[in-house]
Amino acid sequence: MTTKGSDALAVGEPVPDPELPRLDGSGSGSLADYRGDWVLVNVWASWCGPCEDESPALQAFHERHGGDGFTVLGVDTEDTTEAGLEFVGKFELTYPQLHDGPGEYRDELETTGVPESFLVDPEGELALHRPGPVTQDYLREEVEPLIGASS
Amino acid sequence: MRPRRALAAVAVVAACAALAAPAVAQEPRTSLPDIEDEVMCPVCGVSLELATEAPQAEQMREFIRDRIDDGQSKEEIKDALVAEFGGEVLAIPDDEGFDLAAWLVPGAAIVLAGGAIFVGLRRWRRAGRRGAEPPAEDSLSQDEAERLDSDLARYEL
């Protein structure tokens, strides 16, 4: 993990939802597009080793719960588009991906590094914050109960 | 005669092309070290040339090398980096728009400071000259001169 920033968003606070370009170049998107659903915002970069470690678990979780009032939303930060797309292809990630090349959204989220994940409730407020990589156990024990799903 | 004229025209065009080709070939090609010191590694917070081991820096070098191999110019590569990472990726500010202030403000500050020092020194020299001048002989009034003489006489100096 790399370090950056000092404070983090608190649970219950509105999560910033700026418009960002989609990583695949197909226009733009925002966290706000998923209002009404639970969203696990995952901030990652292709140059980050722990991001590689957590990707299979995120993809598996999205395959299990995505589309049922829930989605994983990837945010590729401080990364080149090419490298980001290569990463997405390598891990066969099918959930939506936004591109935060300048790292401005990462600053808005006040992350302490990458990877970092934010579970956002249907009202757009922070429900859970995970600095560092997520694991299958974490997703099953911490995220699933909140989104009202079961494995 | 027409075929000959046509042949001559072809020869002239070929000659021009031959002369132009070296000019294109001579255009200097950029290099990784030439760009590294002008861009930042955003995550590392230092210029790319100083970010020797950071994974993001290595990825940026690969990005630059690929474009050098594609024959892109230094400016084209820097523009591509700005498109990916934003204007803050440039270690040297641009010479237009808001970034122009980064060039103008220090220059203006140097000129103003130099002007202030120059004016201060001139005033100082003038004040020094005035202080070194002997007092004018007629600086005492008649009454004061008489009083001074009487005082000096009283003390027998």
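Guide: Two strands are said to pair if DSSP finds at least two bridges between them, and the strands discussed here are DSSP runs of at least two residues. The model above is predicted.

Visitor: What makes strand S3 and strand S6 of chain A a pair?

Guide: Strand S3 (residues 38-44) and strand S6 (residues 116-120) of chain A are joined by 5 bridges, and the requirement is at least two, so the two strands count as paired. They run antiparallel, and within this pairing Asn42(A) stands opposite Ser117(A) in S6(A).

Visitor: How do you know that S4(A) and S5(A) pair, and in which sense do they do so?

Guide: Between S4(A) and S5(A) there are 4 bridges, which satisfies the threshold of at least two, and therefore they pair; the sense is parallel. Gly74(A) is the residue opposite Gln97(A) in S5(A).

Visitor: Why are S5 and S7 of chain A called edge strands?

Guide: The open sheet of chain A has 5 strands in the order S5-S4-S3-S6-S7, with mixed pairing. Strand S5 (97-100) and strand S7 (126-131) each pair on one side only, which is what places them at the edges. From one strand to the next, the twist averages 20 degrees.

Visitor: Is S5(A) covered on one face or on both?

Guide: On both: Gln97(A) and His99(A) are buried on one side, and Leu98(A) and Asp100(A) are buried on the other. Across another part of the sheet, helix H1 (residues 49-65) of chain A lies over S3 and strand S4 (70-77), running at about 155 degrees to S4(A).

Visitor: Why is Glu52(A) called partly exposed?

Guide: Glu52(A), which belongs to helix H1 of chain A, has 16 other C-beta atoms within 10 Å. A residue is buried at 20 or more and exposed at 12 or fewer, so a value in between makes it partly exposed. Its C-alpha lies 9.3 Å from that of Pro115(A), although the two residues are 63 apart in sequence.

Visitor: What makes the buried residues of H2(A) lie on one side of that helix?

Guide: In helix H2 (residues 81-90) of chain A, the buried residues are Gly84(A), Phe87(A) and Val88(A). They cover an arc of only 100 degrees around the axis, and therefore they sit on the same side of H2(A). As general background, an α-helix has 3.6 residues a turn, so residues three or four places apart point the same way. The face turned away from the buried side carries the exposed residues Glu86(A), Gly89(A) and Lys90(A), while the cover over the buried residues includes S4 and S5 of chain A. After H2(A) comes Glu92(A), with a positive phi near 50 degrees.

Visitor: How do you know that the buried residues of H3(B) line one face, and what do they pack against?

Guide: The buried residues of H3(B) are Gln56(B), Ala57(B), Gln59(B), Met60(B) and Ile64(B). Viewed down the helix axis they fall within an arc of 160 degrees, so they line one face. They pack against H2 of chain A together with helix H2 (32-36), strand S1 (40-41) and H4 of chain B. Just after this helix, Gly71(B) has a positive phi of about 85 degrees.

Visitor: Why is the 21 Å reach of H3(B) called close to what is expected?

Guide: H3(B) has 15 residues, and its reach from first to last C-alpha is set against an expected 21 Å at 1.5 Å a residue. The expected span is 1.5 Å times one less than the number of residues, so the 21 Å reach of this helix is close to expectation. Helix H6 (residues 142-154) of chain B, with 13 residues, reaches 18 Å, close to the 18 Å expected.

Visitor: What makes H6(B) hardly covered?

Guide: The count of buried residues among the 13 residues of H6(B) is 0. In chain B as a whole, buried residues make up 12% of the 157 residues; in chain A, 41% of the 151 residues count as buried.

Visitor: What does chain B contribute to its contact with chain A?

Guide: In the contact, 10 residues of chain B meet 10 residues of chain A. Helix H3 (55-69) and helix H4 (74-85) of chain B each supply at least two residues of this side, and H3(B) gives the most, with 4 residues. The residues on the side of chain B divide into 5 nonpolar, 3 polar and 2 charged.

Key:
Residues numbered from 1 in each chain as written. Chains lettered and ligands numbered in written order. Predicted model: local features only at pLDDT ≥ 70, side-chain atom pairs only at ≥ 80, totals over all residues. Contact = placed C-beta atoms within 7 Å. Nonpolar A, V, L, I, M, F, W, Y, C, P; charged D, E, K, R; others polar. Axes fitted to C-alpha atoms, helices over the stretch in contact; angles between N-to-C directions. Arc of directions from axis to C-beta.
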